[in-house]
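Here is my note on this entry, in numbered points. Please keep the structure open while you read.

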Amino acid sequence: MTLVYTFSNILVVVKFLKLTEIGIMETSNNPRATRGLEIAKRYTLKEENGLWFVPSASGKSNRYKVDLGKQRCTCPDFEIRRQKCKHIFAVEFSFEQDFLGELSKEEITELPKPVATRKTYRQNWKAYNSAQTVEKSEFQKILATLCNGIGEPSQHNGRPRLPLEDMIFACVFKVFSTVSARRFSTDLSEAKGKGYISDVPHFNSVLRYFEKDMLTPYLQMLIEESSLPLTALEKTFAIDASGLSATHGFTWHYAKYEQPRLISKKDWLKVHICTGTLTNVVTAVKVTDKYEHDTNYFEPLLSATTENFEVSEISADKAYLSKANLQAAMDKNAYPYIAWKSNSRETKKEGNDLWNKLYHFYALNQEKFLERYHQRSNVESTFSMIKSKFSGSLRAKNKTSQTNEALAKILCHNIVCLIQSMHEFGVNPDYWKEVTLH
């Protein structure tokens, strides 16, 4: 790079060198700087009263305010990390380009284009392909093994019931198939031929069993049992909640992000889960009404998980940040990586020693904290897997059947995760050890 130092442009050169040091040189190993450069190239950024207004990179109408002098931004990324975000980089690059415009092309050579680097995660394609090709057959085998350990409740009067093991198998397998109850009858006939059920129930019987309250605790039990073969693999966990829409016309995403608290006849259920960050298996689940607050289910989900798993870390977003939840995690010997809010501070009130210690660790070790907190993204992946594979909508009409359908989706997901782990990690599931299977 060649610069001509003259009296007229000496100030420009000095500022240019400073911006080059803090800006372009960082793009080679900083993805936020790379994205900031893309924003600066795409939009014309303007300054008003000492503040720069930067459009959202997602293409939405949001605009974030950047104070270049104080190195502050109003975006969520800056509020969590308290470090330079892509919007600050965008303003610096735009500011830099204004100075470069004052220099002629003869005074400065073209800067090398930054090389964007993005962290990638390798997929074990051999294990993935082998698991996917046998998933449906392995699913039925594992589900039948789980259902055979339930046992048949006693009946003292009335017409003989259909075998409970067969009906739970049919209900869960129907959710896995994602087809209507009528079209699902063919799958049940094939399952009977393989010996997984004793008889083929009528499709109306399958739908009626979804409406039974007695089905809910059995599905909860099967979800817990289906996660147990992965106890040796999972040590770090994440907690979050999402919604399952009651119809196809009214989605959880629309209600949460576009029309919050929309008054409508259409409805949805909220599903709170704790999931392992390695295999994405769900270790605990609670299904609630749509407006139940997330933070109230942190301790129940964590306690249910610690009954079967050794939990070393637990991650959650800032909706779960509270002194009670931090204490609950430490009581279970699990370090809490819960996102701190922008207004979180040290407090001098009595009884807040744990809060202050954890806040000091976050303030002094933000990079390490965020590296571990990033594990929380796996719970988002879990919900994405469930909704993309088994639909983010519920077919059922009443609350009980919707709850049972949501739990059946979670159970299907767990079995699928187990099949993947069997092929990738060599897991050999052994359910109901004390039960003699038939």
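**Notes on two sheets and one strand**

1. Start with strand 6. Of its 9 residues, 9 are buried, so strand 6 is largely enclosed by the rest of the structure. Keep in mind that this is a predicted model.

2. Now look at the two sides of strand 6. In a regular strand the side chains alternate between the two faces of the sheet. Here W268, K270, H272, C274 and G276 point one way. L269, V271, I273 and T275 point the other way. Residues on both sides are buried.

3. Which strands pair with strand 6? Strand 5 joins strand 6 through 9 bridges, and the two run antiparallel. In this pairing, G243 stands opposite K270 of strand 6. Strand 7 is also joined to strand 6, by 6 bridges, again antiparallel. There, T275 stands opposite V282 of strand 7.

4. Follow the chain from strand 6 into strand 7. The two form a hairpin, with 5 residues between them. N280 sits in the turn and has a positive phi of about 65°.

5. T275 deserves its own point. T275 lies in strand 6, which covers residues 268–276. Is T275 buried or exposed? Its relative accessible area is 0%, and buried means under 20%, so T275 counts as buried. Its side chain reaches the backbone oxygen of N280 at 3.2 Å. The side chain of T275 also makes a polar contact with the side chain of T382, at 3.2 Å. Leaving aside neighbours within four places in sequence, the contacts of T275 include T236, F237, A238 and V379.

6. Step back to the whole sheet. It is open, has 5 strands in the order 7-6-5-8-9, and its pairing is mixed. Strand 7 (282–288) and strand 9 (335–338) stand at the edges; each has a single partner strand, so one side of each lacks a neighbour in the sheet. Neighbouring strands are turned by 20° against each other on average, direction ignored.

7. The parallel part deserves a look. Strand 5 (residues 236–245) and strand 8 (residues 313–316) run parallel and are joined by 3 bridges. A238 has S315 of strand 8 as its bridge partner. Helix 13 (residues 323–331) packs on the sheet and touches strand 8 and strand 9. The direction of helix 13 makes about 145° with that of strand 9.

8. Finally, a sheet of 4 strands. It is open, with the order 1-2-3-4 and antiparallel pairing. Strand 1 (46–48) and strand 4 (72–73) stand at its edges, each with a single partner strand. Strand 3 (residues 63–67) pairs with strand 4 over 2 bridges. V66 has C73 of strand 4 as its bridge partner.

How values were computed: Residues are numbered from 1 along each chain as its sequence is written. This is a predicted model: local features need pLDDT of at least 70, side-chain atom pairs count only at pLDDT 80 or more; totals for chains, interfaces and linings use all residues. Side-chain values use heavy atoms; hydrogens and water are left out. Two strands pair if DSSP finds at least two bridges between them. Axes are lines fitted to C-alpha atoms, for helices over the stretch in contact, and angles run from 0 to 180 degrees between N-to-C directions. Contact means heavy atoms within 4.5 Å. Buried means under 20% relative accessible area, exposed over 50%, partly exposed in between (1.4 Å probe, protein chains only). A polar contact is a pair of N or O atoms within 3.5 Å; within protein, one must be able to donate a hydrogen and the other to accept it, and residues adjacent in sequence count only if both atoms are side-chain atoms.
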